[in-house]
Amino acid sequence: MIRKENRYYDVYPRIVRAGHEATIHIRPLYGHCRFDDDQTYVVTILPTEGSIGQSTWSDHWEASLRPSGGFLQVRYPFEGEQEYALLVRAADDERRAVLAEFRLYALENDLYHRRPFKGDLHIHSAYSDGWESPAYVAGASRRIGLDFVAVTDHRQYAPSLEAMRAYEDVEIDLRIYPGEEVHPPGNPVHIINFGGRWSLNEQFATEAYRAEVSALEATLTDLPPGVDRYPYASCLWCYDQIRQAGGLGLFCHPYWLSRHRYDVPLYLTDLILERQPYDALELIGGYHRFEIESNALQVARYHDERVRGKRIPVVGVSDGHGCERGELFGWFYTIAFAPSSDLPDLIESIVDLYSVAVEALPGETARAFGPFRLVKYAQFLLREILPQHDELCVEEGRLMLAHAAGDMRAAAALRALKGRTPALYDHLWDPGK
Ligand SMILES: [Zn+2]
Ligand SMILES: [Zn+2]
């Protein structure tokens, strides 16, 4: 939901650089919230975490300003990386009623130069056990505000390519990448190959797979006695293949309770979390409401492993099996903080711990999980910035679905819309002059 102030006013920039001054523009968009050029307004800026030299919460920064041409401009030295509240009042109002409240965020350089990209790295089409064509899954993914997606059907790579081909002749801002859910024979671990240039599933019938995994098994002499070495050797082979193919290998839903037991035996989960052959963990997985405790377990386990010194890249995925079922689809996703939505940038950013997993259940406040610094920033984005981004995506998604349905006019309309989400971010990010 877009907060009403963010609809009534155009406030920019809202993402600024920590340690720099920035000029914030506050421009009413409609008649009901106009500023009067003959009136004085008081602008108050409050760093939510306090600032250096601020001894009590009664200390705050205030400026009395006259609008010019109907909008206010305020210059403020943003000290450290945190969220700031900006309040506007009329100077002659003795009750000091707040006319409007806005939120800004100052970022250190590393995050400032990255943009948030929402994506789903694990979702199914009708080629496996989902409901819709790959083209439909991609169009529907844009409609709910995703910036990137890969269709990852069980044992099949081709559907992801079909999703890409469906839109290769139209101009869209959604990035569609190859992918598959990998099921090595005799290995209970589910693995996602996100973005890899070739399929793993197609290789399991080959002699080469058996021979290479046998060679890996022979090196695993330090596994606990009695443990079958094959499943772990098979995982090692898969994650290595995915990296060679330029993809990101996910360790899927470790605490999924399937038919009265966890899908992966605990010894294998322990081994994978200890030795970390994967690239990223599905921290928040696509669980139905009755299964949601599996996500609680994954998050708790993640924190325990982090305390033990593990460095764990995380993603959130819907594992959706139908975009119109009213479940899973859109409930869980990843925010990657990356220089661009190009595949190598997304993968590198996730591996470098610049991502959070998001749970956005219908009717509930969206919650981000992952490193504290990014969760704090993500919660701001989910409240203040991403709702506007998502609204721009609705129209593009609808037109993508129209194009997939054969509407000849959709391509021209998509061309006209191209670039709207990047333009929103360019507008909201301090240009840094
Ligand atoms: Zn699975
Ligand atoms: Zn799946």
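Select R96 first; in this predicted model, R96 counts as exposed because 11 C-beta neighbours lie inside 10 Å, and a residue with 12 or fewer falls in that class. R96 sits in the loop between strand 7 (82-90) and strand 8 (98-107). Its phi is near 55°, a positive value in a residue other than glycine. Such a value merits attention because most residues other than glycine have a negative phi.

Next, display the two strands that flank this loop. Strand 7 and strand 8 pair in the antiparallel sense, over 8 bridges. To locate one of these pairings, select A85 and follow its bridge to R103 in strand 8.

Then widen the selection to the sheet. Strands 7 and 8 belong to an open sheet of 5 strands, ordered 2-8-7-4-5, in which the pairing is mixed. Which strands stand at the edges? Strand 2 and strand 5 (61-65) do; each has a single partner strand, so one side of each is left without a neighbour in the sheet. From one strand to the next, the twist averages 30°.

From the edge strand 2, move to the loop that joins strand 1 (9-12) to strand 2 (15-17), where P13 is found. Display the backbone here: the peptide bond from Y12 to P13 is cis, and its omega is near -10°. In general, most peptide bonds are trans.

Now colour the chain by domain. The domain assignment gives domain 1 as residues 4-108 and domain 2 as residues 115-425. Taken over C-alpha atoms, the centres of domain 1 and domain 2 are separated by 38 Å. Where the domains touch, 5 residues of domain 1 are in contact with 5 residues of domain 2. On the side of domain 1 that touches domain 2, the residues divide into 1 nonpolar, 1 polar and 3 charged.

Turn next to a pair of helices, and select residues 207-219 (helix 5) and residues 229-244 (helix 6). Two packed helices are described by the angle between their axes and the distance between the axes. For helix 5 and helix 6, the angle is about 115° and the axes are 8 Å apart. The crossing of these two helices is right-handed. Show the side chains at the contact: helix 5 contributes E212, V213, L216 and E217, which meet R229, Y230, A233, S234, L236 and W237 of helix 6. The residues of this contact divide into 6 nonpolar, 1 polar and 3 charged.

Continue to L328, in the loop between strand 18 (314-316) and strand 19 (332-338). L328 is not a glycine, yet it has a positive phi of about 65°. Is L328 buried or exposed? L328 counts as buried because it has 21 C-beta neighbours inside 10 Å, where 20 or more are required.

The last stop is I347, which lies in helix 9 (residues 343-351). I347 counts as buried, because 22 C-beta neighbours lie inside 10 Å. Which residues does I347 contact when its neighbours within four places in sequence are left aside? Select G195 and L248 to see these contacts. Finally, draw a distance between the C-alpha atoms of I347 and Y377: these two residues are 30 residues apart along the chain, and the separation is 20 Å.

Notes
Residues are numbered from 1 along each chain as its sequence is written. Chains are lettered from A and ligands numbered from 1 in the order in which they are written. This is a predicted model: local features need pLDDT of at least 70, side-chain atom pairs count only at pLDDT 80 or more; totals for chains, interfaces and linings use all residues. Axes are lines fitted to C-alpha atoms, for helices over the stretch in contact, and angles run from 0 to 180 degrees between N-to-C directions. Helices (H or I, at least four residues) and strands (E, at least two) are DSSP runs, numbered from the N terminus. A crossing is left-handed if the near helix is turned anticlockwise from the far one by less than a right angle, and right-handed if clockwise. Two residues are in contact if their C-beta atoms, placed from the backbone, lie within 7 Å. Ala, Val, Leu, Ile, Met, Phe, Trp, Tyr, Cys and Pro count as nonpolar, Asp, Glu, Lys and Arg as charged, and the others, Gly among them, as polar. Two strands pair if DSSP finds at least two bridges between them. Domain bounds come from an automatic or database domain assignment.
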